[in-house]
Amino acid sequence: MNALREAFSDGAVIAKRNVIKIKRVPEVLVFVLLSPIMFVLLFAYVFGSSILIPGGSYREFLIAGIFAQTVVFGATFTGAGLAEDMQKGIIDRFRSLPMSRAAVLVGRTASDVVYNVLSVLIMALTGLVVGWRIHTGVVDAVLGFGLLLVFAYAFSWVMAYVGLLVPSPEVINNASFMVILPMTFIANTFVPAENLPGPLRVFAEWNPVSAVTQAARELFGNVPPGTPVPDVWPLQNPVLYTLIWSMLIILVFAPLAVHRYNRVRS
Amino acid sequence: MDLMIEARGLVKKYGEVVALDGLDLEVRQGTVLGLLGPNGAGKTTAVSILTTLTDPDAGQARVAGADVFADPHTVRTRIGLSGQYAAVDEHLTGFENLDMIGRLYKLGKSRSRARARELLERFDLGFAADRPVKTYSGGMRRRLDLAGALVAEAAVIFLDEPTTGLDIRSRRELWDVIHDLVSRGATLLLTTQYLEEADHLADEIVVIDHGRAIAEGSSHELKGQVGGQRIEATVASADHVATAEEALRSLAVGDIQIGARSRSILVPVSGGTDVLQQALRLLDAAGVELQDVGLRRPTLNDVFLALTGHIAEPETAATPELAVVEEARP
């Protein structure tokens with residue numbers, strides 16, 4: 001129990017340091033905020049203009065998918081941040097201090113929530129500008145955003161582990177692209193999962209990115225009317241399925257990342 | 001407790017490469033051990049192991065009374081480390097860097113702030129305390145990094161090549177700081193590839209090469225191992241080098257080293273100023289025009305050459321005698 005308290009109090013010191021960096025290097029923040037705007041506009045106008053959904057608006061259908069994709073991509077920052085700390089040698093200093101072995105990771109994943117909150121906020125505003133609306137109540141909307149952030153937080157532990165594996169920060173973008181692109185495209189993010197061919201369809205239906213997208217769509221009231229109820233359990237219970245995945249990811253990747261941190265040399 | 005660092009038979013392999021090959025170290029309380037060796041000798045690996053960053057493949061170690069492998073957390077509460085690359089956060093200010101370290105040492109808010117201010121003043125960084133570190137010069141960053149190792153007033157301080165990459169002036173400044181530290185009773189393990197630095201700062205020196213200690217003792221004792229004095233002469237023109245060598249051969253008690261480019265010649269002799277006078281007469285008789293001549297004690301570089309057959313730091317020929325030795329290599 002003491003170890004857990006230390007992980008959080010030391011983690012808070014590290015998170016504060018990372019947040020100071022966000023303030024001092026606003027260039028990073030600019031890109032963090034510009035890319036979601038670009039995503040929303042590109043997809044809304046390029047695909048949104050040519051794909052029709054019977055009885056609904058493709059643009060509205062799309063926004064939740066872009067939210068999900070953007071927060072998953074946002075996890076790359078966690079990995080890049082850790083890889084950079086390693087390259088700069090500061091991880092060695094932390095590892096020589098009598099601090100919690102989990103603190104650097106707890107602090108990093110926590111401070112990256114700031115990025116995710118900002119990028120979700122910016123995307124929502126951009127969405128509103130291009131015609132996306134929330135058709136449910138405040139509680140559902142808050143739950144929808146909350147769920148996106150929970151999944152984003154969990155996924156940042158995956159990238160934390162990857163960030164400690166790669167030899168330099170430059171590698172992390174390529175490494176994460178290989179994983180994140182299929183994860184976010186073989187899903188119901190941009191097209192309904194039931195239209196995908198055989199194996200891809202199965203992957204998409206069980207893909208947690210589909211579940212978080214489906215959950216957001218339902219909570220924002222963006223499911224086109226008359227859409228058949230999905231016939232797989234994950235998409236029928238997307239909120240629960242997303243929470244289960246988030247928990248599993250943290251349970252697997254947090255210990256892996258801490259284990260790796262204990263051995264890594266910058 | 002007299003020994004603050006005690007390591008036995010440390011072995012560390014990275015694949016085929018043997019970084020440490022059975023290294024023993026002992027550092028008494030309040031003394032400075034200089035771990036001296038060229039790049040790749042295993043100095044940083046030794047520091048990594050003793051500061052709990054790396055597990056060895058074999059061996060035992062105790063630091064400040066705690067077992068490094070059985071109880072690393074206790075060791076971490078009693079040590080301060082300043083690594084080879086200034087491990088400071090360049091986006092934080094100097095104050096924020098030290099305050100953060102204080103908090104992680106669990107000094108508490110007010111104590112860690114006070115300590116940060118105090119150290120910034122002591123390291124002449126007070127004027128830049130609230131500036132982001134990325135505006136600091138290399139020397140300032142190193143001083144800040146060193147300050148980071150002292151935040152908790154730890155019993156044992158490890159400095160891994162604290163002055164590598166610094167200019168002469170910053171190096172001297174850092175030496176003063178380290179001197180001050182030692183005078184306050186800290187126990188220090190310092191690695192360096194600068195012979196001059198170990199000579200200047202360390203009570204005891206362990207010369208390490210290929211992961212093994214190849215010699216140890218005080219600077220004085222090590223110099224004693226290579227024997228007596230040398231006459232070093234710089235001649236006015238390169239044509240005179242061979243003549244000078246010929247003239248002084250009768251005085252030499254070992255191999256004469258010649259540096260063609262620097263027009264200098266190094267002759268091991270036995271005896272003192274009488275030999276120097278004799279040498280001057282011989283050179284004069286041979287018609288050698290001299291630019292500079294003197295008698296000097298062997299440097300640690302001579303020690304290294306005698307022990308290993310190669311010199312420690314070919315790229316940092318800061319003093320003329322280093323250049324001489326370098327060029328004398330086959």
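Leaving aside neighbours within four places in sequence, A:Ala216 is in contact with A:Ala64, A:Phe67, A:Ala68, A:Gly144, A:Leu147 and A:Leu148 (contact means C-beta atoms, placed from the backbone, within 7 Å). This is a predicted model, where local features need pLDDT of at least 70, side-chain atom pairs count only at pLDDT 80 or more, and totals for chains, interfaces and linings use all residues. Residues are numbered from 1 along each chain as its sequence is written, while chains are lettered from A and ligands numbered from 1 in the order in which they are written.

A:Ala216 also turns up in the largest nonpolar core, which has 147 residues; A:Ala216, A:Phe67, A:Leu148, B:Leu50 and B:Ile157 touch the most other members. A nonpolar core is a set of buried Ala, Val, Leu, Ile, Met, Phe, Trp, Tyr and Cys residues joined through C-beta atoms within 7 Å. Helix α7 of chain A (residues 138-165) chips in the most, with 15 residues. Apart from this core lies another, of 14 residues, B:Leu248 and B:Leu283 among them.

Now for α6 of chain B (helices are DSSP runs of H or I, at least four residues, numbered from the N terminus). Here B:Arg171, B:Leu174, B:Ile178 and B:Leu181 are buried, that is, 20 or more other C-beta atoms lie within 10 Å of their own, against 12 or fewer for exposed residues. Seen down the axis, the buried residues of α6(B) fall within an arc of 75 degrees (taken from the directions from the helix axis to the C-beta atoms), so they line one face. The face turned away carries exposed residues, including B:Asp176 and B:His179.

Technical notes:
Helices (H or I, at least four residues) and strands (E, at least two) are DSSP runs, numbered from the N terminus. Two residues are in contact if their C-beta atoms, placed from the backbone, lie within 7 Å.
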